[in-house]
Protein chains: 2
Amino acid sequence: LGKVKGRKPRWAVRASEMSKKTFNPVRAIVDSMKVEPNPKKAMISLSLGDPTVFGNLPTNDEVTQAVKKVLDSGRYNGYAPSVGYQSCREAVAAYYNCPEAPLEAQDVILTSGCSQAIELALAVLANPGQNILVPRPGFSLYKTLALSMGIEVKLYNLLPEKSWEIDLKHLESLVDEKTACLIVNNPSNPCGSVFSKSHLQKILAVASRQCVPILADEIYGDMVFADCKYEPIATLSTNVPILSCGGLAKRWLVPGWRMGWILIHDRRDIFGNEIRDGLLRLSQRILGPCTIVQGALEHILHRTPPEFYHNTLSILKSNADLCYAALSAIPGLQPVRPAGAMYLMVEIEMEHFPEFENDVEFTERLISEQSVFCLPATCFEYPNFFRVVITVPEEMILEACSRIQEFCEMHYQGAEGAQDMECDK
Amino acid sequence: LGKVKGRKPRWAVRASEMSKKTFNPVRAIVDSMKVEPNPKKAMISLSLGDPTVFGNLPTNDEVTQAVKKVLDSGRYNGYAPSVGYQSCREAVAAYYNCPEAPLEAQDVILTSGCSQAIELALAVLANPGQNILVPRPGFSLYKTLALSMGIEVKLYNLLPEKSWEIDLKHLESLVDEKTACLIVNNPSNPCGSVFSKSHLQKILAVASRQCVPILADEIYGDMVFADCKYEPIATLSTNVPILSCGGLAKRWLVPGWRMGWILIHDRRDIFGNEIRDGLLRLSQRILGPCTIVQGALEHILHRTPPEFYHNTLSILKSNADLCYAALSAIPGLQPVRPAGAMYLMVEIEMEHFPEFENDVEFTERLISEQSVFCLPATCFEYPNFFRVVITVPEEMILEACSRIQEFCEMHYQGAEGAQDMECDK
Ligand SMILES: Cc1ncc(COP(=O)(O)O)c(C=O)c1O
Ligand SMILES: Cc1ncc(COP(=O)(O)O)c(C=O)c1O
């Protein structure tokens, strides 16, 4: 009888390989930063990509009312199709449809947040043993998901000196016959950068030449400051097949609602039925996002007043400007000016801070001395930078910047000083 | 440069193996049943395990109001921890806590529906190449998920003549050194059966003797008719480690809301930190269920009036009795009396319906002649039965039963008749 045959069974329950391979570097790095804030200073956290934390950026009333109306109707409590209600898919398609990149309901798959959109897109495009091209610095979930599925990650460089444009030569050099897709994140977390039309065209040219489909992470789509324009990458191509991932999280300021989507752009029928069918199959594992948010989608997308978006962006832009100006003035730091999203990256000139081994130690000490928490960019595979979240209230940004200044002044060593330190050792 | 080196790249985007292995047998069977209903009779669908379809079983007003209050508060729009808000995990723990199976917040993981609870539980317990023990007949998602992860499925028999108790000998004979877990679904979909305390103890004895952890699918927990008692399996064991999966879908009549949970019962520390940590890691892939439902959980669990549950169950019980009585009277059919959940299984004495190859053909013809749609139990790996959903309004059940009667009378062949048919061939 089963186990009995050989030896007496013993309890030996181990976690699966897959669970062990599922690894969130941000969690790992942050958890290992075991530092206490300075008890004399209130903690200011500029670390979380969650715009709702401080209450200064509430969602729009139309958004909330839309869900309440759905609840009252009682008509959205049952199971939806696993890819979402047809009418809601239509609403998303209508919202993003344009002559250069037409969309219909059948091109939209609703998901549990943009995270699940990315998960499904990767799961349908790549087999274990294949590789994907991922930006460095970049959002950590790509690697977390890929490695847990046995997919290899190849990091292509972004260039801070070119406002974080892609190093296209480097990108193209990484493509091989096992490359399953290219992830393009625009606007970018953690960079706050926004690609120009001509840069996007060059990226598309690489994908087209190398025949690599694109997974476009456009969760910050349309979140660009007034002086710059956001171009959905699919509007610039007629042949490259693209899965564009998005959602309500950032632009509508409701990340907890877990409403995301995949837009399938495939005008040359390269994905064909196979990828669509694969996405449908994969969606059946957990059966789509919450129906009361689905039911509100049409209202949310089509009735949220334009002022709401403008207001969010003008706050972000103003915070970005303040933060950039304040940090630019600090010796030893080199912020890169953002053009969208909710972040700003800052280079630490490590040679001027010889006390600190790296960005992790720098940000650790910033917590213990100044109670200011920024994520070390090692979390994004990009050492010697840190990331600042600019959704926090203005006074907090200013206070944080002035504490960062105090911190840097305390630890900055001019060229001479740095050499002295070396000699002391 | 990458692909360019060898031959000119060509577009060749294929869906991943995993997406191809993700296979929903219900969809496959139902889609292949290409039959049109009889245009002279209105369609009656008894096929969907969704109690909200006909509006006769609305959720309770407290449930809806709780979510509206959360929306008004504006406090639940941000990211929750990927395993759920601490306070909401506490609310679930408090609701299910009892002396025989104590639970704390840390033992609760919130998920996107019970489907994702099952997915995470399987993903943490089993590696590709291992096997899991799954009931036959049983809910198809277990196999769908397992095969997509490369986990083998071994089906153990339920015994209709014993009110669908498990064939314990058969169960135990299937255990081997590669068995990662035993899935116990109680109350059962598709059977509507409820295990007695003593039967559950015998199941636990097998698990304990063979050292196999249990994945308990208790999504229909507490949904049992008045004459019978529901025992959460974890309350009957002190040593077998159990992951119990549940959610709001069925008892609170809101399946679309996608709120589920895993309760970790591990009083002997056999799962230990490893399984808990594995579940935490896996939860970070898509970041938990919708926060506005999370925020309402405490209110939903603790303030829904008891009359609501009683009312649902008395409707289900009354429908079950009517349906059972009506179908029992039909020559050629053998319904099995249910004790809970929302289903009833009916045996087709195929020898009396020689016209039909099997349950799929029987139910197909029931659609084309009588416009009544029941799922053939081949969907649950159990040929020659069909499943009836008993959440539909009483008049529909009665009308459906009388049409089924007409259908059976039309096609029934007594022993002689059946033989004549054979001879005719
Ligand atoms: C670049 C990027 N993509 C995807 C996500 C995930 O979005 P969601 O919360 O909708 O899963 C985030 C969240 O921070 C992000 O920064
Ligand atoms: C036995 C069983 N388990 C799990 C589920 C899935 O529940 P949920 O809708 O919460 O994912 C169902 C749904 O029908 C079911 O019947």
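**Two ligands between two chains**

Let me start at one atom pair: in ligand 2, an oxygen atom sits 2.7 Å from a polar backbone atom of C114(B), and by a polar contact I mean a pair of N or O atoms within 3.5 Å. Before going on, I should say that this is a predicted model, in which local features need pLDDT of at least 70 and side-chain atom pairs count only at pLDDT 80 or more, whereas totals for chains, interfaces and linings use all residues. Residues are numbered from 1 along each chain as its sequence is written, chains are lettered from A and ligands numbered from 1 in the order in which they are written, and side-chain values use heavy atoms, with hydrogens and water left out.

Staying with ligand 2, a nitrogen atom of the ligand has a polar side-chain atom of D217(B) at 2.5 Å, and the side chain of Y220(B) places an N or O atom 2.7 Å from a ligand oxygen. The protein covers 96% of the 400 Å² of accessible area that ligand 2 has on its own, with areas from the Shrake-Rupley method and a 1.4 Å probe.

Where does ligand 2 lie? Its place is between chains A and B, and of the 15 residues around it, those that come nearest are Y79(A), S115(B), N189(B), D217(B) and Y220(B), where "around" requires a heavy atom within 4 Å. The greatest contribution to this shell, four residues, comes from helix α5 (residues 113–125) of chain B; helices here are DSSP runs of H or I with at least four residues, and strands are runs of E with at least two. By class, the shell holds eight nonpolar, four polar and three charged residues, with Tyr, Cys and Pro among those counted as nonpolar and Gly among the polar.

Ligand 1 also lies between chains A and B, and here the nearest of its 15 surrounding residues are S115(A), N189(A), D217(A), Y220(A) and Y79(B). An oxygen atom of ligand 1 is 2.8 Å from a polar backbone atom of C114(A), a polar side-chain atom of S115(A) comes to 2.6 Å from a ligand oxygen, and the side chain of K250(A) has an N or O atom 2.8 Å from an oxygen of the ligand. Of the 390 Å² of accessible area that ligand 1 has on its own, the protein covers 96%.

How do the two chains relate? Chain A can be laid on chain B with an RMSD of 0.0 Å by a turn of 180 degrees and a shift of 0.0 Å along the axis, using least squares on the C-alpha atoms of residues with pLDDT of at least 70 in both copies. This is the relation of a two-fold axis, and in chain A the C-alpha nearest that axis belongs to K68(A), at 2.9 Å.

Now to empty space, computed on a 1 Å grid over the protein atoms alone: a cavity is a set of points where a 1.4 Å probe fits but cannot get out, a pocket is an open set with protein on both sides within 12 Å along at least five of seven lines, and lining residues have an atom within 4 Å of a point. The second largest pocket holds about 970 Å³, a volume being the space filled by probe spheres set on the points. Its lining has 37 residues, with N24(A), L48(A), F139(A), Y79(B) and L287(B) closest to the centre, and the elements giving two or more residues to that lining are α2 (25–32), α5 (113–125) and α6 (141–148) of chain A. The lining comprises 21 nonpolar, ten polar and six charged residues.

As for cavities, there are nine of 30 Å³ or more, and the largest has a volume of about 170 Å³. Seventeen residues line this largest cavity, and Y96(A), E218(A), P232(A), S244(A) and L263(A) lie nearest its centre; strands β8 (242–247) and β9 (259–265) of chain A are the elements that give two or more residues to the lining. The second largest cavity has about 70 Å³ of space, and its lining includes P25(B), F139(B) and E381(B).

I will finish with the backbone. Most residues other than glycine have a negative phi, and most peptide bonds are trans. The bond from N189(A) to P190(A) is cis, with omega near 15 degrees, and P190(A) lies in the loop between β6 (179–185) and α8 (197–210) of chain A. In chain B, a cis peptide bond joins R136(B) and P137(B), with omega about 0 degrees. Lastly, S371(A), which is not glycine, has a positive phi near 55 degrees, and it falls in the loop between α12 (359–370) and β12 (372–373) of chain A.

Methods
Polar contact = N/O pair within 3.5 Å; in protein donor to acceptor, adjacent residues only side chain to side chain.
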